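Grab a coffee and work through these short exercises with the model open. Each one has a task and then a worked solution.

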Amino acid sequence: MSSNKEIGFDILENSDLDSVEEIGTDNMNIDKNARDRMLKITMDKYSAASGKQMNSQKVPETMEYAEQVSGTEMIQHRRLSRIIGFAACSAAAVALIAGGMFLYKHNASPENTVSDPAGEVIVTTAAESTATEPESEGIDVNANYIFMNPYTDRTDITQEELDAACMRYLDSLSKDRSEIWDIGYSFNDINHDDIPELFVRYSANGGGGEKMFVYDGKEYKSAHFNSSVSEHETVENNIGGDVINICPEKNLIYVSTEDIFTGHNFSKILWLDKRNTAATAFELNDSGYYIGGVRDYKLSDPNDTEARDKFEASYYLYNWQDLEYTPYDEAGENTKKTETTKPEDDNKSNGALITDSLFIAENPDTDRTDITQEELDAARKRVKEDWYNTDELEDNDMEYAYADVNGDGIPELFIKEYTLSHGYVQSMLVYTGEEYRGAYYYIDFKGSKHNDIDGAYFGQIGGNIDVYGNIMICPEKNLIHLNEGGDDLGTILKFEKGNIMKTLYKYSYDVCYEGGVEVSHSVETADRFQAALDSCNWQELEYTPFD
Amino acid sequence: MTNNEYRSMYNEDPYAAQTALFDEYLNFVCAIVYNKLRSCGSREDMEECVGDVFSAVFLHFDSKGSFSGDLKALIGTIASRTAVQKYRSIIRHSNTVYIADETGEIADDERLEEKTDRSIMQGTMLRLIKSLGEPDSDIILQKYYYNMNSNEIADKHSMSPATVRMRCSRALKKLKALLMAEGYDMKEGSI
């Protein structure tokens with residue numbers, strides 16, 4: 001038993017100020033929400049202690065703003081997220097919370113104002129409000145920001161009919177778009193016409209999203225709205241994005257998408273009337289923040305957060321719900337389709353090993369043909385001399401093995417070292433013609449890709465990481481089985497001549513890939529991975545202690 | 001931000017001045033509060049305590065009309081004292097006995113020897129972590145002291161979570177070896 005004293009990271013607690021600074025005051029993760037919460041707490045405490053009335057005191061603790069905001073409340077400090085909920089709102093917006101109505105307005109001209117082009121009364125629930133604004137005020141939505149979606153006035157529609165229409169759409173989606181999976185559906189009657197709207201959730205390569213559909217009496221059709229490109233230009237878009245929230249009590253839909261490259265957030269709050277007409281009430285995009293189609297704030301500097309803050313304020317005015325989806329595959333409705341339309345999956349389930357991949361890492365290589373074993377041994381010894389933690393290891397803690405995995409006649413070097421945290425861990429190295437260098441494989445960073453339901457692809461971001469973990473090889477198929485421990489369930493790499501490393505399978509709790517394509521965790525994908533493993537004769541490497 | 005800068009800003013717009021000061025010193029105050037309450041406080045406790053600190057700082061200015069001396073040192077002192085008070089308040093209302101209460105600076109002076117030992121161990125731990133070099137030292141602190149997950153750390157360092165895990169694993173192994181060489185065993189429960 002060791003006579004050493006035990007030490008842990010808790011020893012760093014209760015330090016003096018110098019030590020706290022040495023630990024690093026910037027190392028903490030304080031997000032905007034936490035910062036805003038703490039600022040509010042500060043101001044509330046300060047106001048209470050100083051007797052100086054700060055506006056933050058008026059902010060309710062709950063998010064039920066609609067019941068607590070009055071039209072006369074003056075908010076001065078919009079940097080607080082909750083406070084900006086009011087500061088960002090124009091008088092018209094406040095009136096909206098007060099229970100006003102959306103008015104469709106042609107060219108913002110009073111004489112052209114109509115209460116509803118579809119002939120329906122468009123009024124939010126005034127009874128829920130305690131505010132004092134007159135009910136006749138509301139958001140004027142410019143006619144350019146109103147989209148008439150298909151609808152039906154049939155009254156004999158049954159849920160069975162809607163279920164069948166939903167399945168027809170999902171079947172066709174799954175059949176025509178094999179790169180879309182993990183599909184779920186949800187019925188919600190946003191506009192209270194007794195015909196629920198359909199929401200579909202899906203995963204695609206590295207991304208996914210949610211999309212809304214309306215029933216036209218025969219089928220569910222993609223729902224659309226008019227979106228701002230600039231102050232005077234609109235474009236028709238489908239109601240879909242990374243996230244959809246709903247607020248049925250106010251007939252509202254929130255849709256948000258983030259451009260991973262520019263960081264711009266594209267969000268909108270749409271109002272849906274009984275005839276499936278969508279009015280764009282609030283919108284945030286890369287040109288600014290819009291209320292009813294009128295630009296309330298122009299975005300000129302990419303770092304300017306005011307437009308986003310204003311939109312966020314509008315968002316927090318409502319009581320949003322996440323959608324609850326029923327998994328399409330678990331609904332038992334598409335078993336036949338799966339059997340008949342996914343032969344590729346069946347092949348995989350039968351244990352066919354994927355042999356190619358979109359994920360490729362080009363490791364250093366040499367075309368020399370005069371390499372001798374003596375040269376490799378000398379290079380191997382230099383590896384040990386330069387090993388990053390040789391000083392901390394006993395000689396017998398480090399062993400090596402040669403194996404020619406890619407069949408190019410130049411053996412790869414494998415190092416096994418003893419680690420205090422994980423026991424024995426192995427590394428793979430390739431010969432460059434001069435020395436052995438750490439081998440790596442390519443993996444993409446989950447969440448950095450986006451592929452929407454309509455197939456728009458925004459590229460991918462990824463990187464190379466070391467072949468480091470528990471390693472087994474299958475030289476006859478040029479394969480490496482790597483397990484990195486922790487969240488990793490296993491990686492199968494194909495190592496080809498020219499030191500080309502292909503990531504055939506990657507299974508971890510974070511992310512799963514087959515042939516460089518992201519797949520969901522499921523019994524089927526797990527079976528395929530196991531079948532791929534079972535199709536190879538894996539060998540343990542035989543290690544030799546260093547001289 | 002200096003005392004004069006704050007005062008002139010405060011004269012124009014008190015709230016803007018307070019918010020600017022809050023933003024400039026938020027990380028500093030949070031780090032101090034976290035350091036005291038890490039083992040016993042909830043997130044809500046810590047946020048409450050940060051609110052107490054800044055509120056006290058603002059009130060201090062109101063009562064004096066200026067900040068005397070070094071502003072950062074003043075805020076650090078207020079933060080430290082407020083966090084200790086919060087710590088005492090938490091453990092008074094808790095049935096759990098915290099080790100730090102027995103051994104830390106909050107404990108009474110009779111435990112001088114333990115305090116000295118602890119101070120030496122703190123210094124050793126920090127020195128060895130720093131010897132890992134950047135970014136490994138930051139990653140280790142973020143992972144095991146600040147309890148951040150790999151995704152959060154990855155965001156801060158523009159790395160993939162897998163790379164963070166790998167670096168973390170290697171750095172931890174190295175740290176254990178360094179500690180062993182200094183006569184310490186890493187407590188398993190603290191990893």
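**Exercise 1.** Work out how strand β31 (residues 512-514) of chain A is joined to β30(A) in this predicted model.

*Solution.* Start with the bridges: 3 of them join β30(A) to β31(A). Next, check the direction, and you'll find that the two strands run antiparallel. To pin the pairing down to residues, look at Y507(A), which stands opposite C512(A) in β31(A).

**Exercise 2.** Find how β30(A) pairs with strand β20 (residues 360-362) of chain A, then decide whether β30(A) is largely enclosed or open.

*Solution.* Count the bridges between β20(A) and β30(A): there are 3, and the strands run antiparallel. For a residue-level landmark, take E362(A), whose bridge partner in β30(A) is I500(A). Now go along β30(A), residues 500-508: 8 of its 9 residues are buried, so the strand is largely enclosed by the rest of the structure.

**Exercise 3.** Describe the contact between chains A and B, beginning with how many residues each one gives.

*Solution.* Chain A puts in 52 residues and chain B 63. On the chain A side, the elements giving two or more residues are β1 (5-7), α1 (17-23), α2 (32-50) and β26 (462-466). The largest share comes from α2(A), with 11 residues. Sorted by character, the chain A side splits into 20 nonpolar, 19 polar and 13 charged residues.

Then look for strand pairing across the chains. β1(A) pairs with strand β1 (residues 184-186) of chain B in the parallel sense, over 3 bridges. Within this pairing, E6(A) stands opposite D185(B) in β1(B).

Conventions. Residues numbered from 1 in each chain as written. Chains lettered and ligands numbered in written order. Predicted model: local features only at pLDDT ≥ 70, side-chain atom pairs only at ≥ 80, totals over all residues. Contact = placed C-beta atoms within 7 Å. Helix = DSSP H or I, 4+ residues; strand = E, 2+ residues; numbered from the N terminus. Nonpolar A, V, L, I, M, F, W, Y, C, P; charged D, E, K, R; others polar. Pairing = 2+ DSSP bridges. Buried ≥ 20, exposed ≤ 12 C-beta atoms within 10 Å, placed from the backbone.
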